[in-house]
Structures are given as C-alpha cells and as structure tokens.
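Student: Could you take me closely through one part of this protein, the salt bridges and the helices that carry them, and set that part against the fold as a whole?

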Amino acid sequence: MIQIFEYRLNETVSSILSTIQTVMIVLFLCNSSIVLYFSKDDPRIIGLLIFQLMFFVGFGLLINTITIPVSRALMNNIMLLLCFSFVFLERLNMDRAIRQFVFAVVSLGVCALAVFILRKIPGINRFMMVFAVLGVLSLMLVSLLGKVEYGAKLSLTFGSISIQPSEFVKLSYLFFIAGCIVTWKDFRGFLIAGIGAAVHVLVLVFSRDLGTALIFLATYVFLIFIAYKNYLVLLIEILVASIGGIFAYSYFPHIRTRFIAWTDPLSVVDDKGYQISQSLFAIGTGGWLGSGLNKGMPNKIPVVVKDFIFAAISEEMGTIVAICLILIYMCTCIMIFNVAFNCTYSFYMLVVSGFGIIFTVQTILNIGGVIKFIPSTGVTLPLISYGGSSLLSMMLGIFICQCSEDLWTMPEKHSRRARY
C-alpha cells in the first residue's frame, strides 16, 4: 500500500497505478469491516461500511469537481489514512467511530464551502492581520475558559460538544505568516511575522498546551527559512526554541512528568509511566505480524483513540503494517511539498508549505511519543486519531493543498484548472 508520489509519471501508467491503489483501499476497508463484524457481531459495522463507501465516492466526486486533474496519489493516501481511522475506531469504541464518521461527512461539506468562499476573496493575503487577531483571540478564549485535560487547557465545551480552536488556528496562523512574508518582502515581514508567532506561542504556553506550541514554533522557524533561506536566522531561532524548551521543563510539572515517563517508564509504571509502558507492551506483543484485528488488548492503553491509536494499530496489524503506515505518512508529506513548490503564487506556496510542515511535525511528535523516541506531547495522529476539530482542520489543509494552484491567484486564472 505504499504510494508512488512522483507526479511526472506517464499519464496512462499513473492512472493504472492509482486505480489499483483505490481498489486495494476499498478491499482493505471491506475486509477489515467484515472481520470486525464477525468478531463483534454488531450490525452497525456493516451499516457504517456502506455509508463509508458512499462517503469515499462523494469525496472523489467533490475533489474532482473542485480541481481537474486531481492529484490521485495524494487523495489515495488520504483515503487510506481515513480507512485506518474508521476501522480502528470501530474496533476500539463503536460510538466514537460513528461520531468520527459524522465528523468526516461534516468536514467534507465545510471544506467545499470554505473553498467556495476563499475563491471569492481576491488578494486574501491583505487580511493577514484579521487572521492573526482571530487566531490569538481564539487561543486566549481557551486559556481563560477552556477545559483542563491532562494538565493543559485544550478545548471549549458546549454541552456534549467539545471544540479545540487551536486546530483551526493552525490554518489562520499559516495565512498570517504567509501574508506577512508576501506583503513585506523585507525585514518588516520577518519582524511582524515573528511578533505574531511569538504571541500565538506565548498564549499556548499560558494554556500549557505545549505540544501545539511546539508545532506553531516549528512551523514558523521552517517557514521563515523556506522564505528567506537564511541559515543564521535558522540557527538563532533553533537556539531560542531550545531555551524555551528548557524554560518549559523548569516551570511546568506535567512536562517534567512526561520526561520522567520517557526516560524510564518502567520505574514509574504504576503512575507516570503507565501510558507509555502499556503502549510499548502493546507494540511488543503484536510483533512483526500482529495479534490480529480485534484479538489484542489495546483498550488497556489510556487515551488510545486519540494520542496512542498508533500503538493499537501496531499491536493488531503488526510492526510491518506500522512501518508501512509511517512510509505512507512520509510519502504524503513529500507530495504536499511537491504541490507547494509547484505553486506559481508565492503566497499559497508558503501556505501549503506551512501545512506540510504542520502535517510532518505533528506526525513525528505523535508516533515518536508512542514508540518512546521522544517524550509524549499529547498531539493527535493526523487523519487517524479520534477528534472532529483535528479531522476538520486536516481536511481543510488537504483541500487547500489540492486546490492551491487554482485558487485565489489572479482573476484571469480563476477559470483555469490546476495543472497538478
């Protein structure tokens, strides 16, 4: 299932490969759903399978309507990641699987509406300050009124509905940074973008949402490097980020807790290291080939449907599938950057590059924390973990990537379809 991401293949060969991949994805979804149905004897699984297949048909028709020709390689990867999400949420928690599917359907509609609206806004980079103000105000609202989860204020709760504004601020943040760089092509752009980025990060630090703060900081550092290609600035920014990390370790107890759990989880297995220890036990128990779908014990891992769903996949699908999943994420990141560097409009080249950075960093932070490569940061696995806010923001980013060449460039280009 590893995707071929080189977009300059012969058109016929590319079409054949993409069709084969699409068929394999459908077979994976159907086979997994049937296995779960016979294991759980839950008729809702078959009903969901039918709706999921209809969803993917609608997804393909919509993205082909928005831009022609569509990047089928990128879309196949997105569909496969969503299949993993649907299958393993059905395995872990059926009620959340249903909600995740509803989130996916709603996200598809919101993405189409967002693209339609953005097409109507020429020169969107002029509204960079609006994006900055809306983003900072949203984060401040969470820091004041947000619900505390695992030592950090992450979301706003309205009855049974929980919204995580930082997921959407990731996109407004990209529009702000890219707008500053494009509008002021000198030191002013760097300075204003830096001040705005610092305010976003400081508000997140105040909310103790340090995982998201790290994503924002890394996005700013690498996006500035892509724009200005100045190694001295890059080194200074990395140094400042390192000092910030030392400060966070010194002043936030839950960060020290995560470092203790990372360095020696078994020494605190009954307390701080329980979650990472269970994750490692699950991955080790699964071995190379896995215990089989619905035959493991992934529910022993706390927050398994969100932060640690990769451990559940590794346990039941095996290390080989887990490695292939990592390669799929890697190929997806490369394809997003391919889209970015082929944009003719510098503003959306930076926006798509920024989304590629966010997608890459978030994937590394999640999987790295699950396998004990780095301390756990509490961020979700893109497109697989449970969560409506995360899924919607990632889907919006993907739609922006797919439509970047066809959107918001110059009025005379609005009728021209994307070349990619």
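Tutor: What follows begins with the overall fold and then turns to the salt bridges and their surroundings.

The model is a predicted one, and in it the protein has 15 helices and 3 strands. A compact globule of 420 residues would have a radius of gyration near 22 Å, and the 21 Å found for the protein agrees with that expectation. Taken along the principal axes, the C-alpha atoms fill a box of roughly 60 × 55 × 40 Å. Buried residues make up 52% of the 420 residues, while the accessible surface comes to about 18,700 Å², of which 71% belongs to carbon and sulfur atoms. Among contacts between residues at least 6 apart in sequence, 72% join residues at least 24 apart.

Against that background, a search of the whole structure finds 4 salt bridges. One of them joins the side chains of Arg-44 and Asp-95, with an N to O distance of 3.4 Å. This pair links distant parts of the chain, since Arg-44 belongs to helix α2 (residues 44-66) and Asp-95 to helix α4 (residues 94-119), 51 residues apart. Arg-44 has a relative accessible area of 39% and therefore counts as partly exposed, the class that lies between the 20% limit for buried residues and the 50% limit for exposed ones. The pair also does not stand alone, for Asp-42, Arg-44 and Asp-95 are linked in a network of salt bridges.

Asp-95 leads on to helix α4 itself. The N-terminal end of α4 is capped by Asn-93, a side-chain oxygen of which lies 3.2 Å from the backbone nitrogen of Asp-95. Asp-95 thus appears twice in this account, with its side chain in the salt bridge to Arg-44 and with its backbone nitrogen in the cap. At 1.5 Å a residue, the 26 residues of α4 should span 38 Å, and the end C-alpha atoms are indeed 38 Å apart, which agrees. The buried residues of α4 are Met-94, Ala-97, Gln-100, Phe-101, Ala-104, Ser-107, Leu-108, Cys-111, Val-115 and Leu-118. In an α-helix there are 3.6 residues a turn, so residues three or four places apart point the same way. The buried residues of α4 pack against α2, α3 and α15 (388-403).

Helix α3 deserves attention next. Ser-85 is found in this helix and is buried, with a relative accessible area of 0%. Leaving aside residues up to four places away in sequence, Ser-85 touches Gln-100, Leu-383 and Ile-384; of these, Gln-100 is one of the buried residues of α4.

Helix α3 also carries a second salt bridge, in which Glu-316 pairs with Arg-91 and the closest N and O atoms are 2.8 Å apart. Glu-316 lies in helix α12 (residues 309-317) and Arg-91 in helix α3 (residues 72-92), so the pair ties together parts that are 225 residues apart in sequence. Both Glu-316 and Arg-91 are buried, and the relative accessibility of Arg-91 is 6%. The side chain of Arg-91 has a further polar neighbour, because a polar atom of that side chain lies 3.1 Å from the backbone oxygen of Gly-296. If residues up to four places away in sequence are not counted, Arg-91 touches Leu-36, Lys-40, Asn-294, Gly-296, Met-297, Pro-298, Asn-299 and Glu-316.A third salt bridge is set within one helix: the side chains of Lys-170 and Glu-167 meet with an N to O distance of 3.1 Å. Being 3 residues apart in helix α6 (residues 165-183), Lys-170 and Glu-167 are separated by about one helical turn. Both Lys-170 and Glu-167 are buried.

For a residue from another helix, one may turn to Ile-238, which lies in helix α9 (residues 231-251). Ile-238 is partly exposed, with a relative accessible area of 39%. The C-alpha atoms of Ile-238 and Ile-195, 43 residues apart along the chain, are separated by 16 Å.

How values were computed: Residues numbered from 1 in each chain as written. Predicted model: local features only at pLDDT ≥ 70, side-chain atom pairs only at ≥ 80, totals over all residues. Heavy atoms only, no water. Helix = DSSP H or I, 4+ residues; strand = E, 2+ residues; numbered from the N terminus. Buried < 20%, exposed > 50% of the residue type's maximum accessible area, 1.4 Å probe, protein only. Expected span 1.5 Å × (residues − 1). Contact = heavy atoms within 4.5 Å. Polar contact = N/O pair within 3.5 Å; in protein donor to acceptor, adjacent residues only side chain to side chain. Rg over C-alpha atoms; globule rule 2.2 N^0.38 Å. Areas by Shrake-Rupley, 256 points an atom, 1.4 Å probe, with all protein chains shown as cover.
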